Amino acid sequence: MAEINTDQFPQASAKALNNQQLQEYLTRSMGNFDSARKQAIEDVSQEIWEGLREKARQIKKHTIENLDYYLDLLYENVTRSGGFVHFATTDGQARDIIGHISKNRGLTKAIKSKSMVSEEVGLNKYLESVGVEPIETDLGEYIIQLVDETPFHIIAPALHKTRQQVGEIFAEKLNRPGLNTIEDMAGTAREILRDKLLSADLGITGANFLVAETGSVVLVTNEGNGRFCTSKPNVHIALVGMEKLIPSIEDLSVFIRLLPKAATGQRITSYTTHVFGPKTLSEEDGPDEFHLIIVDNGRSKLLEDPVLREALYCIRCGACLNTCPIYRKVGGHSYGWVYPGPIGAVVTPIMTGLKKGKDLPFASSLCGACRDVCPLKIDIPHMLLNMRSKLMEGTSDQRKRGVTEKLASFAYKKLMINVGALSIFRYIAYLLQKPFIRNGYLGKTSIPILKNWTNSRDLPGIPKKRFSQIWEEDQFKEQQ
Amino acid sequence: MSKTKNYKVKASIFITCLVDQLFPAVGTGLVSVLKKAGVEVTFPKNQTCCGQPLFNSGFRKDAKELAKQNIEELANSEYIVVPSGSCAAMMKFVYKDLFGENDKMRSMASSLSPKVYEFSEFIVKILGVTNVGATYREHVTYHPSCHLLREQQVDMEPKALLDEVCGLVLEKLEDETVCCGFGGTFSVKYPGISEAMLMDKIQRIEETSASTVVACDLSCLMHIDGALRRKKSPIKAKHLIEILDNTESLPDR
């Protein structure tokens, strides 16, 4: 499994906030993504967009609720076309299956198209340990592979690297100094990757969709690298999360229109690749062996939860990241695992351990912008609230300690349920605050429960009379 | 002012804990605007907090007790007017689900739900009024608070009310739908992130030539105002009610 650092969110996010260069860069690039998405939706009209969203949601809902049926159908159809289907319950099983295939066929050079599931299972490190050289062929993934980092964003893994930084990486790691333009850098990467692509014996991809009725794996890419990985090497392994299933090609047409608009603001991506098993006798290109590994790795835990199940509708477009005001401040690495942002705050703790990821569901202002932009209308705030309640009131394996929070909640409730007690408490607070109030406000203070607010914001003082008193006095006057 | 109606609308106010404890002037303003619009206002006494701070922190059992108290206190109201989009959303959309299928409180919460209105929505949709006869001779910009905008789907109503205020010039706020970073306990749990979001909002407000920023939720306003006061900004943060209630004669908060 990829390293889990979800418990580091408070420290990691604070560090990101202090990184001035990252802050400037985040503001600019996230804004671009967001406006491209808005423009793409405007181009097709809001009405058509809403129609597609609703349709897509119904398809996913139906598929996830009948997952066993469609998995069987997919299995049948992939097998019929000569492919092998494997089910990996854990990340370890997924690695083992790939290890076995590589060993049996004596494979040593793997080219990879971008796959978040391969990040989940920590595939590159594993491949290196069993003597298979993994090469990322998506430009962004290639850049972060060179510096041994994890993706910063679901669809733009090297988003946090500026052009200058990439130039430095290419100079240091590839011995190609002096590259200044994006064209030159992409050209260099292409030139270096070309040899790797031609000499590889294993192609590893993810999938954007698995179509049950056709038994096909569908990849959408902009660089065409996915197509290379699925056609040149002798063996193709597709490593796919089990939620990627959809029933039919007709359903696919909805998602093919939805995904690029939500993700990058494109009408359609440059390449849509349909893979139907190994090459047939009449085909010249393609692998002679095809394996589909369907990965659970904690997804069942989402599936069995009636509220959190909706997270499996996600098509990993990244729109919620692009629009989230919190992601736009703390960036992708703060979340401590493969999936960042609003959807990451839901799936990461469930897949990797709720107690360790206890900070993520609280790292949200519940503004709901993610739900607005989600092409599947996934109600992320609702799920975050559900997880918060699990952390505070759930079963013993869900609950975090949170003694202070529990005490605070109890005290607040006791106070708020008793109007009389509240009046007395308020009057005491009113008297106590007096020496600290300037012009009606409390400024910077070191009082523990208040300082987190007053460090950056003034706090209004408590006025002498509360509304209820004024109301009563007015009523009394009116009756006179 | 609206034309005289031949029947009198009766409404209870749910004043919210923030208005009751910290911003009583908004409460008296609410009563006065409603009365001027011909509403018979009642204030059921046994109410404090809607329970949202507890619910959002994961304490549903504690939130449920407050919900029960409020539902029982407000059950006989014709309408419930709330000077907050966020608290209104809590009562309208969340209360019901706090109670089990067979709990009679669940059905009481369900009957309460359609009677709950955020202030501006009530004025525009129920009373059919957009001009309440207010004057405010300043440039104003409007921040749509998240729950009002996204849970209640109320956006045109406050803008329409502001548009009709005599002397008021409404200026568009760039990135208006981006959260100000308050988020309840989020603001003190992650003060750094909250502050970073707030500073963006303040910058957008300062980019307008408005001397007042208006919203319909005192939680967001307290947050925005807190930063404006800290930097000794001349810009005021006001609740919509303060603008609609003959604000010329009101002293600055």
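A residue counts as buried when its relative accessible area is under 20%. Keep that cut-off handy for the exercises below, and remember that this is a predicted model.

**Exercise 1. Get a feel for chain A: what share of its residues is buried, and how many helices and strands does it have?**

Solution. Start with burial: 56% of the 480 residues of chain A fall under the buried label. Next, go through the secondary structure, which comes to 22 helices and 13 strands. Then look at the overall extent: the C-alpha trace of chain A spans about 100 × 55 × 45 Å along its principal axes. Finally, check how the chain meets itself. Take the contacts in chain A between residues at least 6 apart in sequence; 73% of them join residues at least 24 apart.

**Exercise 2. Work out why the pair A:Phe209 and A:Phe255 ties together parts that are apart in sequence.**

Solution. First, describe the pair. Two aromatic rings are described by the distance of their centres and the angle of their planes. For A:Phe209 and A:Phe255 that gives 5.5 Å centre to centre and 45° between the planes, a tilted pair. Second, place the two residues: A:Phe209 sits in strand β5 (residues 209-211) of chain A and A:Phe255 in helix α12 (residues 249-263) of chain A, so the pair links parts that are 46 residues apart in sequence. Third, apply the burial cut-off. A:Phe209 has 0% relative accessibility, so A:Phe209 is buried. A:Phe255 also counts as buried, at 0%.

**Exercise 3. Describe the interface between chain A and chain B, and find which element gives the largest share of chain A's side.**

Solution. Begin with who takes part: 59 residues from chain A and 64 residues from chain B. Now the size. An interface is often sized by the accessible area lost when the parts come together. Between chain A and chain B about 5,300 Å² is buried, with 61% of that from carbon and sulfur atoms.

Next, count the polar links. There are ten salt bridges between the chains. B:Lys189 and A:Glu405 form a salt bridge, with their closest N and O atoms 2.8 Å apart. Polar contacts between chain A and chain B come to 30 residue pairs, both residues at pLDDT 80 or more.

Now for the elements. Those giving two or more residues to chain A's side include α1 (9-18), α18 (380-393) and α19 (403-417). The largest share, eight residues, comes from α19(A). Sorted by class, chain A's side has 27 nonpolar, 14 polar and 18 charged residues.

Last, look for rings: a cluster joined by ring pairs takes in A:Phe9, A:Phe152, A:Tyr327, A:Tyr335, B:Phe186 and B:Tyr190.

Definitions and conventions: Residues are numbered from 1 along each chain as its sequence is written. Chains are lettered from A and ligands numbered from 1 in the order in which they are written. This is a predicted model: local features need pLDDT of at least 70, side-chain atom pairs count only at pLDDT 80 or more; totals for chains, interfaces and linings use all residues. Side-chain values use heavy atoms; hydrogens and water are left out. Contact means heavy atoms within 4.5 Å. Buried area is the accessible area (1.4 Å probe) that two parts lose on being put together, summed over both. A salt bridge is a side-chain nitrogen of Lys or Arg within 4 Å of a carboxyl oxygen of Asp or Glu. A polar contact is a pair of N or O atoms within 3.5 Å; within protein, one must be able to donate a hydrogen and the other to accept it, and residues adjacent in sequence count only if both atoms are side-chain atoms. Helices (H or I, at least four residues) and strands (E, at least two) are DSSP runs, numbered from the N terminus. Ala, Val, Leu, Ile, Met, Phe, Trp, Tyr, Cys and Pro count as nonpolar, Asp, Glu, Lys and Arg as charged, and the others, Gly among them, as polar. Rings of Phe, Tyr and Trp (its six-membered ring) pair if their centres lie within 6.5 Å; planes under 30 degrees apart count as stacked, over 60 as edge-to-face and the rest as tilted. Buried means under 20% relative accessible area, exposed over 50%, partly exposed in between (1.4 Å probe, protein chains only).
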